[in-house]
2 protein chains.
Amino acid sequence: MAERAALEELVKLQGERVRGLKQQKASADLIEEEVGKLLKLKAQLGPDESKQKFVLKTPKGTRDYSPRQMAVREKVFDVIIRCFKRHGAEVIDTPVFELKETLMGKYGEDSKLIYDLKDQGGELLSLRYDLTVPFARYLAMNKLTNIKRYHIAKVYRRDNPAMTRGRYREFYQCDFDIAGNFDPMIPDAECLKIMCEILSSLQIGDFLVKVNDRRILDGMFAICGVSDSKFRTICSSVDKLDKVTTQAVLLQTPAQAGEEPLGVGSVAAGGRYDGLVGMFDPKGRKVPCVGLSIGVERIFSIVEQRLEALEEKVRTTETQVLVASAQKKLLEERLKLVSELWDAGIKAELLYKKNPKLLNQLQYCEEAGIPLVAIIGEQELKDGVIKLRSVTSREEVREAGRKTFNFYYGYFIDYYWQKWPDTTPFTYKALGA
Amino acid sequence: MAERAALEELVKLQGERVRGLKQQKASADLIEEEVGKLLKLKAQLGPDESKQKFVLKTPKGTRDYSPRQMAVREKVFDVIIRCFKRHGAEVIDTPVFELKETLMGKYGEDSKLIYDLKDQGGELLSLRYDLTVPFARYLAMNKLTNIKRYHIAKVYRRDNPAMTRGRYREFYQCDFDIAGNFDPMIPDAECLKIMCEILSSLQIGDFLVKVNDRRILDGMFAICGVSDSKFRTICSSVDKLDKVTTQAVLLQTPAQAGEEPLGVGSVAAGGRYDGLVGMFDPKGRKVPCVGLSIGVERIFSIVEQRLEALEEKVRTTETQVLVASAQKKLLEERLKLVSELWDAGIKAELLYKKNPKLLNQLQYCEEAGIPLVAIIGEQELKDGVIKLRSVTSREEVREAGRKTFNFYYGYFIDYYWQKWPDTTPFTYKALGA
């Protein structure tokens, strides 16, 4: 093992040498020679049998959300949830899996895309395929005949999606539905209004709403003389032409004048499903429903692309102030102050170092986009003040609190957070906020 | 089928008769007689074979969240997320399932509680068991050596939990972790501070924090003369005594003076795990980590119980105003006004009826806790005004806008929303908000 450690050290040093040469833009010959040495050393080292080999990946069709992607996701959800709440919706949640029989017979051909759980004894379970069937199960189970609710959650489909176009096997749906017996078309109209409000607020460009009703098609066929027995077959063929589901409302954003390689396609859809709840009710009691679903994954992709294009820095934390010190041995005082600030509701951080350099602390602020630094030193402690500094303008103020740190500093920092114009340096221009 | 429909109608009528008698508090004999008739009719009707028989339930160990429960959940999450953000945390998310091999060998005996997905071709997958292992996988996969993040998501354990005590097979974890090489104990101390801040903010009563370090125990054993070979066995026995994991920090709320039958137990836990990320890194590079996890399901139970005890009404929507009319044929005008209000950012609703009665509209407000009604009638339309009424105080004001509805009404309503004291009738006293 000692020999191995020595070899590992050599590989590391040689690797550093190669990186150094590349940075200095050394001659290709020289780099090649040193890379050769590195490869030889690595071959000598061989694989490390003591380490287990892991495939470091997420399952096919899934992804992690990085803090940057989460910032986009939160922004998009915020727009959508505010709209749903504006329309008086309640919110519910259901488990990620359902009894297999709850989902059976609801998705026709697509049933083969349902993820089943392994039979480990007990009930047979499947991951939810959408939020509509669990909603209908919820209504029937609780004998509800009347609710306006939204539900935002991940659903699962064993599809072979094009992930570059924002399609996944695990993906979010944002559903809004109105269940109940109401006068015709009033809830349907509200669903359309909600779609338009959300797509407008998200500022992802112009969009086109396609509205249809199966009964219009039925009427056209009747006039054409299509016999009753052929109705269903012909309807389904027409459906396939445009991928429009029966009695559905479909929204599409047009491919943006050809300049974007990303074909956006449908970003929202919805429609009426008056028969579904009755399939769950033991007595077959129907609860008419109408709803819509926002295809947020595609919207995330559009917004992320836009942020890339704008080369805009996105803050992934909300920290207002870093508690810093220019001198050594002040860890305890920094901890006291940062605690005071947390208790006063101020978003604050400190470096996890006993004696950090002031330069490093300022650098951290610049990297993380933290706009303010509260600096304490021997003098400040003696005078019972803190020094507050704006990271970008370098403006400084000193403020006297009581001798012991207290809530007062919270208000002081909050005041400058509001006052200095550079305190929110990074915004989401792409989202118009 | 026609005969069946007639029988169903009879059952329905007889059912109504029985309910009516009960309401009128008719004699027990009479009710019994009529119930007898009802049962006979039902027996005649028999089961409806045309309906599929569904077991209407959620899988064992899971539950739906009703709007009321969601209101509690959102409130609790809000407190927790605000605290995590106050401490400068970023946020990430990972898929609900991982490659089976990612989870293998991480949970010892408890591995048998992992939910596996059925092998439907492709990768072998398992539902996440906690958020810590996916976090370590995320760090290793992205070669991150330094991050402070939180993650709130559901995890899955095939346990036999006591559901009445707030334990489920699908349950939320709220994790905050600090990864990176830092000076000793500074991030650890912040984790403790965060736990205390959250449990204090939630106002769920006094709590006791137990802090331990395996090395203290090691020292005690050394002094007692425990031989090296017996260290591990004895440690694990001691662990089981108090269900404390190695090098863990555990929080417990004491059973509240015996008056609450609910034994609360541990509501938060945390600790250091310096070796986990290295298990994923191909070169075994270590990233020291420390973190905490809030047991929110128990906290939900405590808050829900408290709300029950207070018999407090909880609003499950945020609607500020109902657009109503006292006269018929004003659907279109109601739709126009409510659209204006939505566009102005006002949370508004209308009844989905062409010609609703004013009484029904006011009743709806009372049930849903909507504080304001905007009333339009022929006279208001002629004068170009709306009438705004406070549901509880019955106070009324009239406001002139332009002849066509416009944003102005939004500001008008917002003004009274702020001004009238009864506009937020239901609060969460139990959560101190």
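A residue counts as buried when its relative accessible area is under 20%, as exposed when that area is over 50%, and as partly exposed in between, with a 1.4 Å probe and protein chains only. The structure is a predicted model, in which local features need pLDDT of at least 70 and side-chain atom pairs count only at pLDDT 80 or more, while totals for chains, interfaces and linings use all residues. Residues are numbered from 1 along each chain as its sequence is written, chains are lettered from A in the order in which they are written, and side-chain values use heavy atoms, with hydrogens and water left out.

**Exercise 1.** Describe chain A by its burial, its secondary structure and its contacts.

Solution. Begin with burial: chain A has 433 residues, and 49% of them count as buried. Next, take helices (H or I, at least four residues) and strands (E, at least two) as DSSP runs numbered from the N terminus; chain A then has 14 helices and 14 strands. Finally, let a contact mean heavy atoms within 4.5 Å; among the contacts in chain A between residues at least 6 apart in sequence, 67% join residues at least 24 apart.

**Exercise 2.** Work out where the buried residues of H2(B) lie around the helix, and place Glu34(B) among them.

Solution. First check the length, for which the expected span is 1.5 Å times one less than the number of residues: the 18 residues of H2(B) should span 26 Å, and the end C-alpha atoms are 26 Å apart, which agrees. Then list the buried residues of H2(B), which are Ile31(B), Glu34(B), Leu38(B), Leu41(B) and Leu45(B). These lie on the same side of H2(B), because they cover an arc of only 85 degrees around the axis, the arc being that of the directions from the helix axis to the C-beta atoms. The general rule behind such a pattern is that an α-helix has 3.6 residues a turn, so residues three or four places apart point the same way. The face turned away from the buried side of H2(B) carries exposed residues, including Asp29(B), Glu32(B) and Lys40(B).

Now turn to Glu34(B), found in this helix, residues 28–45 of chain B, and buried with a relative accessible area of 3%. Leaving aside residues up to four places away in sequence, Glu34(B) touches Gln14(B), Arg17(B), Val18(B) and Leu21(B). After the helix comes Gly46(B), with a positive phi near 70 degrees.

**Exercise 3.** Carry out the corresponding analysis for H11(A).

Solution. H11(A) comprises the 13 residues 331–343 and reaches 18 Å from its first C-alpha to its last, close to the 18 Å expected. Its buried residues are Leu331(A), Arg334(A), Leu337(A), Val338(A), Leu341(A) and Trp342(A). They cover an arc of only 140 degrees around the axis, which puts them on the same side of H11(A). Just after H11(A), Gly345(A) takes a positive phi of about 85 degrees.

**Exercise 4.** Characterise the contact between chain A and chain B.

Solution. Count the residues: 88 come from chain A and 88 from chain B. Then take the buried area, which is the accessible area (1.4 Å probe) that two parts lose on being put together, summed over both; for these chains it is about 7900 Å², 57% of it on carbon and sulfur atoms. Lastly, with a salt bridge defined as a side-chain nitrogen of Lys or Arg within 4 Å of a carboxyl oxygen of Asp or Glu, the count between the two chains is 18. Lys85(A) forms a salt bridge with Glu318(B), with the closest N and O atoms 3.1 Å apart.
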